[in-house]
Each structure stands twice: as C-alpha cells, then as structure tokens.
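Subject: Structure for your files

Hello,

Here is the structure I said I would send. Please look it over before reading the notes underneath.

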Amino acid sequence: MRVGVHINRFDHPAGAPALGAELAAAGAAAEAAGVSWLSVMDHYFQMEFNGGAEDPMLEAYATLGFLAAHTETVRLGALVTGVTYRHPGLLAKIATTLDVLSGGRAALGIGAAWYDREHAGLGVPFPPLAERFERLEETLRICLQMWDPAANGPFEGTHYRLAETLCVPAPVSTPHPEIMIGGSGEKKTLRLVARYGDACNLFATSPEEVTHKLDVLRRHCDTEGRDYDEIRKTMTYTADAADDGDLDAFARDISGYTKLGIDTVILAPRTGAPAEWIERFTAPAVRRLAELD
C-alpha cells in the first residue's frame, strides 16, 4: 500500500505571502518521504468543516501547475474536480496541459459536485443531482474523445455539444491521464467507475464498509465487462491518528484495509503548513506501511 498526501487547507500562519514557499516545501517533502500521490482540493470556497468560506482557498489547477514545477516524480491531481466547475472541453485541455508540463504525471480526479454555496456565491449554475450525474458521464465521454487522436469530431450530448474535440498537444501519459472518480455512491458513482474510471477514491470509513463498496464495484465491473483488477483503488484517511501524529494508532487503523486491494491511502492533514507535517508523520508512515505489507 502506497501513501498519498491531500493538501486541503491554505491558512498558513504567515498568510498568503507564505503559501508559495510552503507548497514548494511540501512538494519536496512529499517526494523525499516516498509519497506517490499529491493532490489539492478543487473548490471556489473553503469547506465549512475546514473553517468555512471566509478561509483561504487557492484555485486547484493553478496550484497543481505550481506543484508540477517544484516536483519531479509524484503524481498530481485534484481530489476531486466538481463536474460543474469547468466546461468539459476546457477541463480536458487543462488536465492535458498539466500532464504535458509535468512529464506525464497528471490525473483527472472528478466527481458530481456538491457544495452549493460556492456555486451560488460565484454565480455558477448548480443543477439538480440527477442532472449533475448526466453531465458527469458526458464529461467523461468528452475527455476520452479529446484524448483519442483518432476521434476528433463533433460530440452531441444532452447537455454539451462540441463541434470539434481537438486536443493538441496530446497528453504525455499513455493512453491518457488517469481518470479517478471520487465518491462511493453505489448506483451511479461506482457504475461510472466501472465504465470509465482508471481509479476510484473511497473514504476510509471502516474495513467492512470499504469491503462492501468494493464488492459493489466488482459487480458493476462484471455488468460492464470490465476487469475489476484494472482499476486502482484508493481511499482518503482523515482520522485523528494522522493529525495527532500517532503512528501506532494509524498502523492499527490501516491494518484492516491492507488485504482489500487498496493501492494508495491518501492522508489529508488538517493544517495550512503541511511541509513539516509530511516530514514528521508521512515519512515514517510510508515506512510503517511497507512493514505492514
């Protein structure tokens, strides 16, 4: 099981002028620790449980571009982009640019979106849930068409219509940037993972719950004619053990997941100064997980 880090707060004690240096240090610390994945959240406003809309929030893809310039090996992505935030053609172009400039290290993390306040606040349409899932599926189809050099042409969907699906230069990743679909909804989200996803992201609620979700995903794969083992399974871990720096408690928690086929556990520190936390907790956590394997 590998380790990822998800940067989700930008309330650095020294304020906005310190964020560039802090993020560069976090990228360096992550690679020194042996971290395989580095992500940021994609929101306009900070979430309520992280301090609320008045707390700092950086735009995700500009931040990922900055991190690409300050890292060399770690995979980069948003966890996750709401489908309503950007037009699908633009999103595919943004993800492709990140992939090209990072040397093939980009992932497209995507989901159905949920944070209505930020949409209302910035005047971005927030359709009902059923429509957001329809838009999510169309967006996945558009991205895959844009990333297929032989498939340039129109796209005619219910919600999106593109006259051309040109994407030049093409992604460096082969065959395209990894598509990670976030969420654990059993009827729609996990079905979309089986149909379109290269990876899924679940919450580390309990080994029993994650086992159930993976069983649901396996059934969707059977229905879709998809090889379940082709899909990379990841989970986000936000328990107090990580914030408290309690490696023993962390190892006990994670041990229940080690036999489930989880490829990467993504740690989400609740701090606006993650570099020191990565050095202090994540680096030994990487070594501890290697021992569990």
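The notes below cover a pocket and a pair of helices.

This is a predicted model, in which local features need pLDDT of at least 70 and side-chain atom pairs count only at pLDDT 80 or more, while totals for chains, interfaces and linings use all residues. Residues are numbered from 1 along each chain as its sequence is written, and side-chain values use heavy atoms, with hydrogens and water left out.

The largest pocket (an open set of points on a 1 Å grid over the protein atoms alone, where a 1.4 Å probe fits, with protein on both sides within 12 Å along at least five of seven lines) holds about 660 Å³ of space. Its lining (residues with an atom within 4 Å of a point) has 29 residues, and Met 47, Leu 79, Val 80, Trp 114 and Phe 203 lie nearest the centre. Strand S4 (81–82), helix H5 (129–146) and strand S9 (199–203) are the elements that each give two or more residues to this lining. H5 gives the most, three residues.

The axes of helix H6 (residues 189–196) and helix H7 (residues 207–224) come within 8 Å and cross at roughly 50°. H6 and H7 are therefore oblique to each other (neither under 35 degrees, nor over 145, nor 65 to 115). Their crossing is right-handed. In contact (heavy atoms within 4.5 Å) are Leu 190, Arg 191, Val 193, Ala 194 and Arg 195 of H6 with Lys 213, Val 216, Leu 217, His 220, Cys 221 and Glu 224 of H7.

Regards

Definitions and conventions:
Points joined across faces, edges and corners; volume = space filled by probe spheres on them. Helix = DSSP H or I, 4+ residues; strand = E, 2+ residues; numbered from the N terminus. Axes fitted to C-alpha atoms, helices over the stretch in contact; angles between N-to-C directions. Left-handed = near helix turned anticlockwise from the far one by under 90°.
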